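The exercises below are worked from the sequence and the coordinates. Try each task before reading its solution.

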Amino acid sequence: MVKKSIVPESLLPLRPSVFHILLALSDGDLHGYGIMQEVADHTAGQIKLGPGTLYGAIKRLLSEGLIVEADERPDPELDDERRRYYRLTDFGQKVLKAEVQRISQMVSVAQRKRLIPKTRS
Amino acid sequence: MPRQRLFHIVLFAYPRDFRHEYGLQMEQFFRDCYRAEKMSRGHLGVGGLWFRTLLDLARAAPREHLENLGKENPIMKNLRRNALAFLGSIALIVIAFLLMSYGKKHEVSAILAFGRILDALMTAGIVGNLIVFLLVAVTRFNPLRIALWTMLAVNGALLLVTVLVGSKVDPAFSLGGVLLGYIVSFLFWFTLHWFWSKASTTQAVSSES
């Protein structure tokens, strides 16, 4: 069930697997295997989500209204009809942004303490 | 294909609802991973995939089962609790019977006394709680008051029957031991009902607020 009164910050900090799944979906709709590939890509293969972790997280994200099952398929011609695609909701987007903001604040603190070099934009 | 059948079996470690909702997706996911690993790294990749999958199973399946337990429907929860209480009572009666037999046979008075208390506790508990349950369900009296009078009446009646019958049947009958058993039983059950009534009042207040 979607809890509409929840503020995004109340769901923070996100579990690493949840954060990576939301990040993967921020580029567009993906199915389970696509999410796993995307996560493996942007973590340089460090995180390879297993089926139980992935679908357990998807179940919770659906119930909290952070993602939904997508009606349209990116390329129906080339794809298996049985696959389910997932899409980030507006609320999911807000939660992801709030988490990124939280992490960037942590990074700023670490930079001030000279634990990591400052990055130039 | 054997690998798919094996993964299908692995899925049985997850709760039924979860398997029903995501089982096919997970099988598809595993097929995709298997194909990719076999093409890129051969048997070594497939071995690694199975290792990761089983590690993931050990982490994810207990979490799903725990989550399921947390949201179990209240009727099932009550049934489970009642069944556990019933089985627990039967087990305690058997223990009480064995203790009393052992105490009588070996003339160990401490075990015999403990067995008598346990016996009173369980007999009065089963009979008394059944009556309390029925009265609470069919009348509108205060449940705590029902528990007080029922437990008093049941323990008193059982004490009387035990004194009348036990003194004639049992050569090792001890009035003091039996009396102590039923006093402990009454105090135990009434205190328990008092705690239950306090707990349910607190729960009702917190759910209203």
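**Exercise 1.** Which elements of chain A do the buried residues of α4(A) pack against?

Solution. The model is a predicted one. Begin with the residues themselves: A:G92, A:V95, A:L96 and A:E99 are the buried ones in α4(A). A helix of this kind has 3.6 residues a turn, so residues three or four places apart point the same way. The partners of the buried residues of α4(A) are α1, β2 and β3 of chain A.

**Exercise 2.** Check the length of α4(A) against the rise of 1.5 Å a residue.

Solution. The helix α4(A) runs over residues 90-112. Its 23 residues should span 33 Å, because the expected span is 1.5 Å times one less than the number of residues. The end C-alpha atoms of α4(A) are 33 Å apart, in agreement with that value. Just after α4(A), A:R114 has a positive phi of about 55°.

**Exercise 3.** Work out the strand order of the sheet in chain A.

Solution. Start from the edges: β1 (30-31) and β2 (67-69) of chain A each pair on one side only. Next, β2(A) pairs with β3(A), residues 85-88, in the antiparallel sense over three bridges. Within this sheet, A:I67 stands opposite A:L88 of β3(A). The order is therefore β1-β3-β2, an open sheet of three strands with antiparallel pairing.

**Exercise 4.** Describe the largest nonpolar core and name the element that gives the most to it.

Solution. The core holds 34 residues, and those touching the most other members are A:I21, A:L22, A:L25, A:I35, A:L54 and A:L61. Both chains take part: two or more residues come from each of α1, α2, α3, β3 and α4 of chain A, and from each of α1 and α2 of chain B. The element that gives the most is α2(B), with seven residues. For one member in detail, take A:L25, whose contacts beyond four places in sequence are A:L30, A:I35, A:I67, A:Y86, A:R87 and A:L88. A second, separate core has 18 residues, among them B:L121, B:L159, B:F186 and B:W189.

**Exercise 5.** Characterise the side of chain A that touches chain B.

Solution. Count the residues first: chain A brings 13 to the contact and chain B brings 18. On the chain A side, the elements giving two or more residues are α2 (32-42) and α3 (51-63). Of the elements there, α3(A) gives the most, with six residues. By type, the chain A side divides into three nonpolar, five polar and five charged residues. For the complex, the predictor gives an ipTM of 0.86 and a pTM of 0.58.

**Exercise 6.** Summarise chain B, and state where in chain B confidence is lowest and highest.

Solution. Chain B has six helices and zero strands. Of its 209 residues, 22% count as buried. Among its contacts with a separation of 6 or more, 53% join residues 24 or more positions apart. The average pLDDT of chain B is 81, and 83% of the residues score at least 70. The lowest confidence in chain B is in α3(B), residues 74-106, at a mean of 69, and the highest is in α2(B), at 90.

**Exercise 7.** Is B:F133 buried, partly exposed or exposed?

Solution. B:F133 lies in α4(B), residues 109-138. It has 14 other C-beta atoms within 10 Å. Buried needs 20 or more and exposed 12 or fewer, so B:F133 is partly exposed. Its C-alpha atom is separated by 9.0 Å from that of B:P143, ten residues apart along the chain.

Terms used
Residues numbered from 1 in each chain as written. Chains lettered and ligands numbered in written order. Predicted model: local features only at pLDDT ≥ 70, side-chain atom pairs only at ≥ 80, totals over all residues. Helix = DSSP H or I, 4+ residues; strand = E, 2+ residues; numbered from the N terminus. Nonpolar A, V, L, I, M, F, W, Y, C, P; charged D, E, K, R; others polar. Pairing = 2+ DSSP bridges. Core = buried A, V, L, I, M, F, W, Y, C linked by C-beta atoms within 7 Å. Contact = placed C-beta atoms within 7 Å. pLDDT = per-residue confidence, 0-100.
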